[in-house]
Amino acid sequence: MALESIEPLHLLPRAESVDEISALTGQNLRRLRTRRGYSLDRLAKISGVSRAMLGQVETGKSSPTISILWKIAAALDVPCGSLIAQPHDTSLQVLTHAKAKVLSASEGKFQTRALFPYESERKVEFYELRIAPYHTEITEAHHHGTIENLVVSRGTVEIVAGKHPPQILGEGDAVIFDADVAHSYRNMTSSEAVLYLVSTYVEEVRG
């Protein structure tokens, strides 16, 4: 999740195929980019993702990493989930576990599932995180002003954010921190850890 060169995101068996997700991501990217009035060159400059990569994602020829999705979403000022979402018009949505879109990184050792309806103007995201035994997931700094609020549902997890000392969280413990610095999640136990994450974003001032 920290570098563009890590494994492409993939969906667990209960969700859509990688090809379907790639196509949907490309359609959403083009729609959101044109809505903002951005060219590929402009979006590349803002996001830090190369124009070539953006073009491949937009045409459905490349499956982006979770890191790339985060960068693109931050540049477009939309939730990451908006890039993989099927459009919905209803005011009530049931997000069943069986049909959930689960993104996986680090060879399946880190999994994230969105627990919110997808809306392009949303400034808060709610996720379920699952971390394999003893695995450490390192995450790049998110968009400026991003705040993460984590609560541990199962297991014992070490959270490191920027230069702050490591924080050890047990079941029921929570932490809130500025996520616009590099940070990591480490499962300290021999069984899968489960966390719930709320990410909050601020409005971006664009020049």
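Which residue forms a salt bridge with R186? The partner is E158, and the closest N and O atoms of the two side chains are 3.1 Å apart. This pair links distant parts of the chain, with R186 in strand 10 and E158 in strand 7 (residues 157–161), 28 residues apart. R186 is partly exposed, because its relative accessible area is 28%, whereas E158 is buried, with a relative accessible area of 14%. Keep in mind as you explore that this is a predicted model.

## Salt bridges

Let us start with the general idea. Side chains of opposite charge can pair when their charged atoms come close. In this model the count comes to nine salt bridges. Three of them are set out here.

| Salt bridge | Closest N to O | Separation in sequence |
|---|---|---|
| R113 and E128 | 3.3 Å | 15 residues |
| R154 and E192 | 3.2 Å | 38 residues |
| R186 and E158 | 3.1 Å | 28 residues |

Take R113 and E128, whose side chains meet in a salt bridge. The pair links distant parts of the chain, R113 being in strand 3 (residues 110–114) and E128 in strand 4 (residues 124–131). Are these two residues buried or exposed? R113 counts as buried because its relative accessibility is 10%. E128 counts as buried too, at 6% relative accessibility.

Now turn to R154, which forms a salt bridge with E192. R154 lies in strand 6 (residues 147–154) and E192 in the loop between strand 10 (183–187) and strand 11 (193–200), so the pair ties together parts that are 38 residues apart in sequence. R154 counts as partly exposed, at 37% relative accessibility, and E192 is partly exposed with a relative accessible area of 28%.

These residues also belong to a wider arrangement: R113, E128, R130, R154 and E192 are linked in a network of salt bridges.

## Helix 2 and its partner

Next, look at helix 2 (residues 40–47). Its buried residues are L40, L43, A44 and S47. They cover an arc of only 105 degrees around the axis, so they are on the same side of helix 2. A general rule helps here. An α-helix has 3.6 residues a turn, so residues three or four places apart point the same way. Just after helix 2 comes G48, whose phi is positive, near 80 degrees.

Helix 2 packs with helix 4. Their axes are 9 Å apart, and the angle is about 110 degrees. The two helices are therefore roughly perpendicular to each other, because angles from 65 to 115 degrees count as such. Where they meet, L43, I46 and S47 in helix 2 touch K71, I72, A75 and L76 in helix 4.

## The nonpolar core

Which residues touch the most other members of the largest nonpolar core? They are L76 and L150, in a core of 45 residues. Helix 4 (residues 66–76) gives the most to this core, with eight residues. L76 is also one of the helix 4 residues that meet helix 2. Leaving out residues up to four places away in sequence, L150 touches a list of residues that includes L129, I159, V175, F177 and L197.

## A buried asparagine

Finally, find N28 in helix 1 (residues 18–36). N28 counts as buried because its relative accessibility is 4%. Leaving aside neighbours within four places in sequence, N28 is in contact with S82, L83, I84 and A85.

Key: Residues numbered from 1 in each chain as written. Predicted model: local features only at pLDDT ≥ 70, side-chain atom pairs only at ≥ 80, totals over all residues. Heavy atoms only, no water. Buried < 20%, exposed > 50% of the residue type's maximum accessible area, 1.4 Å probe, protein only. Contact = heavy atoms within 4.5 Å. Core = buried A, V, L, I, M, F, W, Y, C linked by side-chain atoms within 4.5 Å. Salt bridge = Lys/Arg side-chain N within 4 Å of Asp/Glu carboxyl O. Arc of directions from axis to C-beta. Axes fitted to C-alpha atoms, helices over the stretch in contact; angles between N-to-C directions. Parallel < 35°, antiparallel > 145°, perpendicular 65-115°, else oblique.
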